[in-house]
Amino acid sequence: MKVLYFHQHFSTPSGSAGTRSYEMARRLIDAGHEVTMVCGSYHGGQTGLGGPFRRGRREGRVDGIQVLEFDLAYANADSFLKRAGLFLLFALRSVAVALTRRYDVVFATSTPLTAGIPGIVARWLRGKTFVFEVRDLWPELPKAMGVIRNPLVLTLMSALEWLSYHSAQRLVALSPGMAEGIRRRGIADERIAMIPNGCDFRIFANVGKPWRPEGVGEQDLMAIFTGTHGLANGLGAVLDAAAELRRRGRDDIKLVLVGQGMRKPALIDRAHREKLDAAQGGAMVFHDPVGKADLAGLMAAADLGMQILANVPAFYYGTSPNKFFDYISAGLPVLNNYPGWLATMIDANGCGFAVPPDDPAAFADALEAAADDRAALAARGEAALALARARFDRDALGRDFVGWVVEGRAPACPAEEAAHD
């Protein structure tokens, strides 16, 4: 079959962004299908295409995937209005593709929610099979965070969400909360499959030289966060823990934030003002984004992965963070600072620490426990890798994905059930 795949933030493993769409597209190709990936230009991502844009686009084959990239440069640090404009432009240009290309199935993945628009058009104007993947519950999450307050905008987004769900013949949810959110919009269970983010053992098993950023000693406990430094990530909690560690005189624990985003300058400024950065004897180390190969080397040298989000109840079950699955792929125990399905899984499998939100003392306690008992920490890492191999192998999830997207064959053992074991 020919699959037309829309993901505005697509990246190959050469970039520092998530690679779910790349991995799933590759598995569609391995199963004998053809994939055209329609995307924009994402800061931190790498589409694999080079050369100039012509008439606002460029196209070529990357690892068997036909990639069509629009010259729509997006970054998390952009203003809300600029990002909204880019979302709409991508949707409009994608509609033109959906109306003119030859394909059998159209697959669209959020965010943004506007990624569903070309799928809606393909379903109702061309009679194509439309499969929609839900990575975040919009507008629930931005509304809960207070990022979007305009009633008209929220109403329009809610209408687009409803139309996307009801237009799609099949839907993919990345977490139990997302599946439940889809059901609340009146979608029957048989149209929903939960296929969470997965673990890429080929990336994290082929580690080059392990490395630590400047400011982290060989004997220090190194806890890392890898990803966007945005409002939703709530990384102020890490600095709060660093302040608590400083009060306790623990200069042998380093907290490394790897990535970029609109909140990063403010985080760096606070760390400097409060003498929390490593250069001033504190715990904080900031590092630019790195590609997957370098990330594998960093994780090989790390002791603990930090899964951090702002304390917003809508996040508890409505997220499926890439970084969590990267951590456990690399055999890293995870420190998680909010309730929900991941915290429950960490506790049930003994693969890290689940601490309450907004509790710097508990956060620091967990870090000290990790630093002071390395044998127990190593056992948690082994449990993390065992969980990754048993439940989140990308190859197994990829087979579920291919069967669901092109054949409508539901996963034999729903990952949603496994997540609650």
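Q: In this predicted model, how far apart are the closest N and O atoms of the salt bridge between Arg212 and Asp303?
A: Arg212 lies in the loop between helix H7 and strand E9, and Asp303 in the loop between helix H10 and strand E12, so the pair ties together parts that are 91 residues apart in sequence. Both residues are buried. The closest N and O atoms of this salt bridge are separated by 3.0 Å.

Q: Which arginine in helix H14 is linked with Asp303?
A: Asp303 has a relative accessibility of 17%, under the 20% cut-off, so Asp303 counts as buried. Its partner in helix H14 is 71 residues away in sequence and, at 36% relative accessibility, is partly exposed. The closest N and O atoms of this salt bridge are 3.9 Å apart, and the partner is Arg374.

Q: Which residue of helix H8 is paired with Asp365 of helix H13?
A: Asp365 is partly exposed, with a relative accessible area of 41%. The two side chains meet in a salt bridge of 2.7 Å, N to O, although they are 117 residues apart. The partner is also partly exposed, at 27% relative accessibility, and is Arg248.

Q: Which residues join Asp365 and Arg248 in one network of salt bridges?
A: The network arises from salt bridges that share partners. Besides Asp365 and Arg248, its members are Glu244, Arg247, Arg250, Asp252, Glu368 and Asp372.

Q: What helix is part of the cover over the buried residues of H2?
A: The buried residues of H2 include Leu86, Phe87, Phe90 and Val95. Strands E1, E2 and E4 are part of their cover, as is helix H3.

Definitions and conventions: Residues numbered from 1 in each chain as written. Predicted model: local features only at pLDDT ≥ 70, side-chain atom pairs only at ≥ 80, totals over all residues. Heavy atoms only, no water. Buried < 20%, exposed > 50% of the residue type's maximum accessible area, 1.4 Å probe, protein only. Helix = DSSP H or I, 4+ residues; strand = E, 2+ residues; numbered from the N terminus. Contact = heavy atoms within 4.5 Å. Salt bridge = Lys/Arg side-chain N within 4 Å of Asp/Glu carboxyl O.
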